[in-house]
Amino acid sequence: NFTQVAECPTCNASGQIISDPCMNCGGNGVKQVRKKLRINIPAGVDTGTKLRVSGEGNVGLKGGPAGDLYVVMQVEPHDNFHREGNNLMTNTTVSFVQASLGAEIEVATLDGSVSVNIKPGTQFGDKVRVAGKGVPYPRQNVRGDLFVYVEIETPRRLSNQETDLLEQFAELRGESKNSADGDRSSPFSKLREKFFSTKDE
């Protein structure tokens, strides 16, 4: 012989029977509701960041304290900036002259435009670091950096005078626009070929 102990199927071990249960909760004492909350999103959160909202989870049984609500962040992509950790990446376009001689240009950041120095001889794909213009670290007074990748714009149309000057420039460097002459592997030669091919069109 043995004795088996089980919960009462009538009161579910609550010790009381509700003869006229509530229509909303069915006698459970709790019901599911939908509500809107306004929460504070700290600067610098990223996709996957969890924010804890105290006391906004499920209510506790038999009058116990409520649990917490965890909100998982999903950050939308930006049109001009690509994020890598707390650093930001963006592109800017400069002219052939600016890349060759250097220039001061304006670049957009999250806080507005800043002046960036383009060094003489800058190549396509070179990057310029702008310190402290990235994304803030959450709850810290520190920010990542902004990296500006340089693209060089090739003129689509050249005047006769501009063409003559480029030809003189090519001669000074011992280069030629003809395929059989000159060092075609140099960046200047490649740019010059684009100039002349566009003009011939």
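These legends walk through several views of a predicted model.

**View 1. The whole chain combines three helices and eight strands.** Welcome to the overall picture. Following the sequence, you meet the elements in the pattern β-β-β-β-α-β-β-β-β-α-α. Of the 201 residues in the chain, 25% are buried. The exposed area is about 15200 Å², and carbon and sulfur atoms supply 47% of that area. Among contacts between residues at least 6 apart in sequence, 45% join residues at least 24 apart.

**View 2. Four strands line up as an open sheet in the order S3-S4-S8-S7.** The pairing in this sheet is mixed. Its edge strands are S3 (82–84) and S7, each of which pairs on one side only. On average, neighbouring strands here are turned by 35° against each other, direction ignored.

**View 3. Strand S8 pairs with both S4 and S7.** Start with S4 (residues 87–95) and S8 (residues 146–153), which run parallel and are joined by eight bridges. To find your way along this pair, look for Thr-90, whose bridge partner in S8 is Val-148, and for Thr-93, which stands opposite Glu-151. Now turn to S7 (residues 127–130), which runs antiparallel to S8 and is joined to it by four bridges. A handy landmark on this side is Lys-127, opposite Tyr-149 in S8.

**View 4. A hairpin joins S5 to S6 through two residues.** The two strands pair in the antiparallel sense over seven bridges. Within the pair, Glu-104 stands opposite Asn-117 of S6. In a regular strand, side chains alternate between the two faces of the sheet. Strand S5 has a covered face made of Ala-103, Ile-105, Val-107 and Thr-109, while Glu-104, Glu-106 and Ala-108 form its uncovered face.

**View 5. The largest nonpolar core gathers 20 residues.** Val-94, Ile-105, Val-116 and Ile-118 touch the most other members. Two or more residues come from each of S4, helix H1 (96–101), S5 (103–109), S6 (112–118), S7 and S8. The largest share, four residues, is from S8. For a closer look, pick Val-116: leaving aside residues up to four places away in sequence, Val-116 touches Ala-103, Glu-104, Ile-105, Val-107, Val-128 and Val-130.

**View 6. Asp-46 and Arg-83 form a salt bridge.** Side chains of opposite charge can pair when their charged atoms come close. In this pair, the closest N and O atoms are 3.7 Å apart. Asp-46 lies in the segment before strand S1 (50–53) and Arg-83 lies in strand S3, so the pair ties together parts that are 37 residues apart in sequence. Asp-46 is partly exposed, at 30% relative accessibility, and Arg-83 is also partly exposed, at 24%.

**View 7. Two further salt bridges involve Lys-133 with Asp-111 and Arg-129 with Asp-145.** The closest N and O atoms of Lys-133 and Asp-111 are 3.6 Å apart. Lys-133 sits in the loop between S7 and S8, and Asp-111 in the loop between S5 and S6, 22 residues apart. Asp-111, Lys-133 and Arg-143 are linked in a network of salt bridges. Between Arg-129 and Asp-145, the closest N and O atoms are 2.9 Å apart. Arg-129 belongs to strand S7 and Asp-145 to the loop between S7 and S8, so this pair ties together parts 16 residues apart in sequence. Arg-129 is exposed, with a relative accessible area of 53%, whereas Asp-145 is buried, at 14%.

Conventions: Residues are numbered from 1 along each chain as its sequence is written. This is a predicted model: local features need pLDDT of at least 70, side-chain atom pairs count only at pLDDT 80 or more; totals for chains, interfaces and linings use all residues. Side-chain values use heavy atoms; hydrogens and water are left out. Two strands pair if DSSP finds at least two bridges between them. Axes are lines fitted to C-alpha atoms, for helices over the stretch in contact, and angles run from 0 to 180 degrees between N-to-C directions. Buried means under 20% relative accessible area, exposed over 50%, partly exposed in between (1.4 Å probe, protein chains only). Contact means heavy atoms within 4.5 Å. Accessible areas come from the Shrake-Rupley method with a 1.4 Å probe; for residues, only the protein chains shown count as cover. A nonpolar core is a set of buried Ala, Val, Leu, Ile, Met, Phe, Trp, Tyr and Cys residues joined through side-chain atoms within 4.5 Å. A salt bridge is a side-chain nitrogen of Lys or Arg within 4 Å of a carboxyl oxygen of Asp or Glu.
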